[in-house]
Amino acid sequence: MGVLEKIVSADRTCFAVLVDPDKAQPSRLEGLVAAANSGMVDFFFVGGSHISGGDISRTIAYLKERTTVPVVLFPGCVLQLDPSAHAMLFLSLISGRNPEYLIGQQVIAAPYLRTFSQEIIPTGYMLIDGGRMTTATYMSSSLPLPADKPQLAASTALAGEMLGMKLIYADAGSGAQTCISPEMIRAIKEFTQIPLVVGGGINSKEKAREMARQGADVIVVGNGIEDRPQLLREIAESLKDQ
Ligand code: 1GP
């Protein structure tokens with residue numbers, strides 16, 4: 001079963017753990033692999049808005065050799081393309097007005113992706129203001145959507161769906177101070193039919209659970225687990241218990 005199909009057919013909110021290749025030392029990954037092998041992780045997302053020395057291919061290989069959990073590439077730019085991931089989020093930054101991330105990088109990537117056999121998931125990527133400037137916002141030279149404008153986010157997501165995207169990823173950015181509000185998740189879900197991925201600043205099971213309650217189809221957590229590894233188990237259990 002493909003990644004998108006798994007998300008669509010799941011009867012609960014899925015849990016994706018974001019692995020930053022810059023922080024993918026085996027000592028850190030061991031715990032993630034053990035959690036994945038006990039059924040606590042639905043997907044690994046690998047990538048970052050800026051990678052300085054980490055090795056994406058090696059990170060993917062490490063995970064694939066030790067687990068059967070699908071590895072999904074979440075690339076910050078074309079330099080991060082990698083055919084070894086099971087699937088990739090083919091992102092267009094629809095919250096921004098920077099043509100480079102709306103279509104420019106995609107045109108560079110397309111002929112390479114044509115030769116890959118991985119699942120390519122057209123994804124409307126929306127950065128939402130999370131209370132501080134994140135690397136994603138800085139690197140993309142784009143304005144995030146205002147956090148208190150759920151209808152604007154919903155209209156943006158709907159436009160993405162009408163353009164043929166198969167997934168919406170609403171992201172407050174890695175290490176966001178405030179995560180995406182329940183109102184915004186609700187508004188997006190009301191306007192769209194395609195699955196919604198939500199991430200950025202999720203650091204408690206209560207936040208994850210509330211997002212799930214509002215209809216998020218996938219919850220993505222990176223920093224929170226790096227800071228406090230037991231958060232992984234707490235969120236996995238609270239999502240299974242919905
Ligand atoms: C960022 O949504 C992801 O793109 C995860 O963010 O690292 O803050 O969990 P965190």
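**Exercise 1. Place Ile103 and say which surface patch it belongs to.**

Start with the secondary structure: Ile103 sits in helix α4. Keep in mind that you're working with a predicted model here. Next, look at the surface. Ile103 joins Leu102 and Val107 in a nonpolar patch. Together, Leu102, Ile103 and Val107 show about 250 Å² of accessible area.

**Exercise 2. Describe the second largest pocket: its volume, its lining and the elements behind it.**

First, the volume: the second largest pocket holds about 460 Å³ of space. Then the lining: 26 residues line this pocket, and Pro75, Gly76, Cys77, Leu91 and Tyr101 come closest to its centre. Now trace the elements. β4 (87-93), α4 (99-113) and α5 each give two or more residues to that lining. Last, sort by class: you get 17 nonpolar residues, 9 polar ones and no charged ones.

**Exercise 3. Do the same for the largest pocket, and find which element supplies the largest share of its lining.**

The largest pocket has a volume of about 560 Å³. Its lining counts 33 residues, with Leu18, Gly173, Ser174, Gly175 and Asn223 the closest to the centre. Four elements supply at least two lining residues each: α5 (135-140), β6 (167-171), β8 (218-221) and α9 (223-227). The largest share, 4 residues, goes to α9. By class, the lining of the largest pocket splits into 10 nonpolar, 16 polar and 7 charged residues.

**Exercise 4. Work out what the salt bridge between Lys23 and Glu226 ties together.**

Some background to begin with: side chains of opposite charge can pair when their charged atoms come close. Here the Lys23 and Glu226 side chains meet at 2.9 Å, N to O. Lys23 is in the loop between β1 (14-19) and α2, while Glu226 is in helix α9, so the bridge ties together parts 203 residues apart in sequence. How exposed are the two partners? Lys23 is partly exposed at 29% relative accessible area, and Glu226 is partly exposed at 23%. Finally, widen the view: Asp20, Lys23 and Glu226 are linked in a network of salt bridges. The whole structure has 9 salt bridges.

**Exercise 5. Set the Lys189 bridge beside the Glu237 bridge and locate the partners of each.**

Take Lys189 first. Its salt bridge is with Asp217, and the closest N and O atoms are 2.7 Å apart. Lys189 belongs to helix α7 (residues 182-191) and Asp217 to the loop between α8 (205-213) and β8, so this pair connects parts 28 residues apart in sequence.

Now Glu237. It bridges to Arg233, with the closest N and O atoms 3.3 Å apart. Both Glu237 and Arg233 lie in helix α10, 4 residues apart, which is about one turn of the helix. Glu237 is partly exposed at 46% relative accessible area, and Arg233 is partly exposed at 46% as well.

**Exercise 6. Find the residues around the largest cavity and sort them by class.**

The largest cavity contains about 40 Å³ of space. Go around its wall and you meet Arg12, Phe15, Gly39, Met40, Asp42, Ala236, Leu239 and Lys240. Helix α10 (residues 230-240) contributes the largest share, 3 residues. Sorted by class, the lining has 4 nonpolar, 1 polar and 3 charged residues.

**Exercise 7. Decide whether Leu32 and Tyr125 are buried or exposed.**

The cut-off for buried is under 20% relative accessible area. Leu32, in helix α2 (residues 26-37), has 12% and therefore counts as buried. Tyr125, in strand β5 (residues 119-127), has 9%, so Tyr125 is buried too.

Key:
Residues are numbered from 1 along each chain as its sequence is written. This is a predicted model: local features need pLDDT of at least 70, side-chain atom pairs count only at pLDDT 80 or more; totals for chains, interfaces and linings use all residues. Side-chain values use heavy atoms; hydrogens and water are left out. On a 1 Å grid over the protein atoms alone, a cavity is a set of points where a 1.4 Å probe fits but cannot get out, and a pocket is an open set with protein on both sides within 12 Å along at least five of seven lines; lining residues have an atom within 4 Å of a point. Grid points are joined across faces, edges and corners, and a volume is the space filled by probe spheres set on the points. Ala, Val, Leu, Ile, Met, Phe, Trp, Tyr, Cys and Pro count as nonpolar, Asp, Glu, Lys and Arg as charged, and the others, Gly among them, as polar. Patches are made of residues with over 30% relative accessible area and no salt bridge: like charges are joined within 9 Å, nonpolar side chains (Val, Leu, Ile, Met, Phe, Trp, Tyr) within 5 Å. Accessible areas come from the Shrake-Rupley method with a 1.4 Å probe; for residues, only the protein chains shown count as cover. A salt bridge is a side-chain nitrogen of Lys or Arg within 4 Å of a carboxyl oxygen of Asp or Glu. Buried means under 20% relative accessible area, exposed over 50%, partly exposed in between (1.4 Å probe, protein chains only).
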